[in-house]
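Visitor: Good afternoon. Could you walk me through this structure, one topic at a time?
Guide: Certainly; here it is.

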Amino acid sequence: MEQKDQIRTNEIKDITETQKQIAYIEKAGIHVQRLKEELGRTPTCCVTTFGCQMNARDSEKLAGILEKAGYLLIEDEGADFVIYNTCTVRDNANQRVYGRLGHLNSLKKQMPHKKIALCGCMMQEPSVIEKIRKSYGFVDLIFGTHNIYKFAELLVQMFESDDMVIDIWKDTDKIVEDLPIERKYSFKSGINIMFGCNNFCSYCIVPYVRGRERSRNPKDIIREIEALVQDGVVEVMLLGQNVNSYGKNLEETMSFAQLLREVEKIKGLKRIRFMTSHPKDLSDELIQVMKESKKICRHLHLPLQSGSTRILQAMNRRYTKEQYLALTEKIRKEIPDISITTDIIVGFPGEEPCDVDETIDVIKKVKYDNAFTFIYSKRTGTPAAAMENQVPEAVVKEGFDRVLKVVQDTAREQVNKLSGQTLEALVEEVNEHDDRLLTGRLSNNTIVHFAGDKSLIGQIVPVYLKECRGFYYFGEI
Ligand code: 5AD
Ligand code: SF4
């Protein structure tokens with residue numbers, strides 16, 4: 001078939017990885033152009049993201065490359081090219097992908113030129129690749145987390161092959177800078193400051209699928225943020241699995257607090273957020289920098305996972321209940337207007353009702369503004385999956401419901417404390433349910449809805465917090 005012909009370009013070698021990938025984007029563009037002529041319209045693509053903020057940022061990189069190659073980005077899986085950027089942190093994320101792939105297959109049957117690609121964390125698991133090879137033969141391209149920078153090159157391979165293209169790496173130490181990125185929001189952006197994780201919490205699959213910790217060079221981070229600010233960004237979210245250990249593997253080591261000081265200096269940048277912090281690595285220096293900062297938002301996401309020291313030890317979290325409580329007390333004392341949010345897992349192997357009581361005790365003492373509560377999910381290959389004392393489902397459910405109730409009551413009480421104040425909100429979008437309203441986010445991450453014109457999107461405006469509705473507010477400019 002004509003389309004399968006290899007397109008000749010100048011030899012792509014002896015150049016930097018970035019230049020090489022940019023050459024591949026051009027080459028992919030020739031294939032997209034051919035498709036355009038065949039279809040009589042611009043080919044469309046759709047990037048669907050599962051999972052965390054890291055994945056959302058990766059999806060912006062995928063979208064950037066697809067747009068540069070000539071695709072029109074749409075939010076509809078009826079597109080000519082669909083890519084799923086997958087998550088595998090809990091099994092329900094995997095099940096969702098398999099469920100939706102069935103639907104994609106039926107769309108592809110009506111549209112034979114349609115291409116389907118899968119990437120992200122789930123693809124780093126050999127059993128997943130086996131299953132897709134066997135039962136989902138209609139997929140055209142699969143790659144993992146370590147070689148996402150090669151997306152353009154893999155697209156070209158996909159266009160030039162009749163078979164499923166699979167490229168999965170076990171690990172990498174490479175960080176490729178300066179590839180195109182298509183941001184979802186014009187005024188805010190995530191920034192990767194590091195990749196991977198070295199913590200090996202015993203329940204967690206992330207270190208296996210995202211590899212070892214690698215920090216980006218501070219100069220590259222600052223340069224990227226400066227360019228974003230030039231382009232209209234006022235709020236950045238610094239992203240890493242464990243931002244508090246940023247800089248440890250750099251040639252010239254640098255702490256996360258030092259990096260924040262540098263980011264703070266960027267003119268025109270108004271807000272700085274970051275995630276995620278591991279309690280064991282959160283330094284006094286960081287608390288100090290947050291306290292003195294005019295730009296760092298009054299919000300800290302500090303995953304607890306469990307309030308029971310015995311379970312924390314089995315989880316390999318490397319802090320005790322008392323250490324965690326002392327840390328949050330210190331933070332609240334130094335930065336009284338901060339909101340603290342967390343992640344909690346219920347049903348870890350060996351957990352008993354008295355351990356859940358300990359977790360509830362911490363929730364009541366810390367008074368979280370919000371907490372994501374998860375049912376423990378057994379991930380093959382992690383130490384916890386091999387533990388014998390897995391908790392029966394009914395017991396987990398009982399504990400989960402108890403935790404959820406306390407989390408909701410505490411959060412409602414915390415959020416309600418802001419009633420009557422006037423605080424600055426970054427206007428993010430027109431309200432999903434009522435287009436007369438705008439939706440904004442306070443520094444402490446609380447959401448507020450208020451009447452206003454959509455021309456305010458991207459601006460920071462003072463909002464009077466009139467009425468608390470559980471986890472969010474109705475307010476007035
Ligand atoms: N089961 C349930 N929750 C998990 N998380 C990570 N691994 C698992 C698992 N196996 C949760 C943790 C982490 C969040 C991102 O996901 O709470 O902080
Ligand atoms: Fe997973 Fe623990 Fe690393 Fe977070 S710190 S990504 S929970 S191993």
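Guide: What follows is a conversation about a predicted model, starting with its ligands and moving on to its strands.

Visitor: Which residues are around ligand 1?
Guide: The shell around ligand 1 is made up of V89, R90, Y203, Q305, D343, I345, F374, I375, Y376, S377 and R379.

Visitor: How do those residues divide by class?
Guide: Six residues of the shell around ligand 1 are nonpolar, two are polar and three are charged.

Visitor: Which polar side-chain atom lies 2.6 Å from an oxygen atom of ligand 1?
Guide: That atom belongs to Q305. In addition, a side-chain N or O atom of D343 is 2.7 Å from an oxygen atom of ligand 1. Y203 takes part through its backbone, where an N or O atom lies 3.0 Å from a nitrogen atom of the ligand.

Visitor: How much of ligand 1 does the protein cover?
Guide: On its own, ligand 1 has 400 Å² of accessible area, and the protein covers 85% of that.

Visitor: Which strands supply at least two residues each to that shell?
Guide: They are β13, residues 339–346, and β14, residues 370–375.

Visitor: What sheet do they sit in?
Guide: β13 and β14 belong to an open sheet of three strands, in the order β12-β13-β14, with parallel pairing. β12 (299–301) and β14 are the edge strands, each pairing on one side only. From one strand to the next, the twist averages 15°.

Visitor: How many bridges join β13 to β14?
Guide: Six bridges join these two parallel strands. Across that pairing, D343 stands opposite F372 and I345 stands opposite F374. D343 and I345 also appear in the shell around ligand 1, as does F374.

Visitor: And what about β12 and β13?
Guide: β12 and β13 pair in the parallel sense over three bridges. H299 has S339 in β13 as its bridge partner.

Visitor: Why is β13 described as largely enclosed?
Guide: Eight of the eight residues of β13 are buried, so the rest of the structure largely encloses this strand. S339, T341, D343 and I345 point one way, while I340, T342, I344 and V346 point the other way, and all are buried.

Visitor: Let us change topic. What surrounds ligand 2?
Guide: Ligand 2 is surrounded by C197, N199, F200, C201, Y203, C204, V206, P207, Q241, H278 and R317. By class, this shell has seven nonpolar residues, three polar residues and one charged residue. Y203 is listed around ligand 2, and Y203 is listed around ligand 1 as well.

Visitor: You mentioned C204. How far apart are R216 and C204 in space?
Guide: R216 and C204 are 23 Å apart, C-alpha to C-alpha, with a separation of twelve residues in sequence. R216 is in the loop between β9 (214–215) and α7 (218–230).

Visitor: Is R216 buried or exposed?
Guide: R216 counts as buried, with a relative accessibility of 4%.

Visitor: Where is S189, and what does its side chain contact?
Guide: S189 lies in strand β7, which covers residues 188–192. The side chain of S189 makes a polar contact of 3.2 Å with the side chain of R57. S189 is buried, at a relative accessible area of 5%.

Visitor: Back to strands, then. Why is β3 largely enclosed?
Guide: Strand β3 (residues 81–86) has six of its six residues buried, so the rest of the structure largely encloses it. F81, I83 and N85 point one way from β3, and V82, Y84 and T86 point the other way.

Visitor: Which strands are joined to β3?
Guide: Among them is β1 (residues 44–49), which runs parallel to β3 and is joined to it by five bridges. T48 has Y84 in β3 as its bridge partner. Six bridges join β3 to the parallel strand β4 (residues 115–120), where T86 stands opposite G120.

Visitor: Finally, what is the order of the strands in the closed barrel?
Guide: The five strands run β15-β16-β17-β19-β18, and the pairing is mixed. Neighbouring strands of this sheet are turned by 50° against each other on average, direction ignored.

Visitor: How do β15 and β16 pair?
Guide: β15 (residues 422–430) and β16 (residues 437–442) pair in the antiparallel sense over five bridges. A425 has L442 in β16 as its bridge partner.

Terms used: Residues are numbered from 1 along each chain as its sequence is written. Chains are lettered from A and ligands numbered from 1 in the order in which they are written. This is a predicted model: local features need pLDDT of at least 70, side-chain atom pairs count only at pLDDT 80 or more; totals for chains, interfaces and linings use all residues. Side-chain values use heavy atoms; hydrogens and water are left out. A residue is near a molecule or strand if one of its heavy atoms lies within 4 Å of it. A polar contact is a pair of N or O atoms within 3.5 Å; within protein, one must be able to donate a hydrogen and the other to accept it, and residues adjacent in sequence count only if both atoms are side-chain atoms. Accessible areas come from the Shrake-Rupley method with a 1.4 Å probe; for residues, only the protein chains shown count as cover. Helices (H or I, at least four residues) and strands (E, at least two) are DSSP runs, numbered from the N terminus. Ala, Val, Leu, Ile, Met, Phe, Trp, Tyr, Cys and Pro count as nonpolar, Asp, Glu, Lys and Arg as charged, and the others, Gly among them, as polar. Two strands pair if DSSP finds at least two bridges between them. Axes are lines fitted to C-alpha atoms, for helices over the stretch in contact, and angles run from 0 to 180 degrees between N-to-C directions. Buried means under 20% relative accessible area, exposed over 50%, partly exposed in between (1.4 Å probe, protein chains only).
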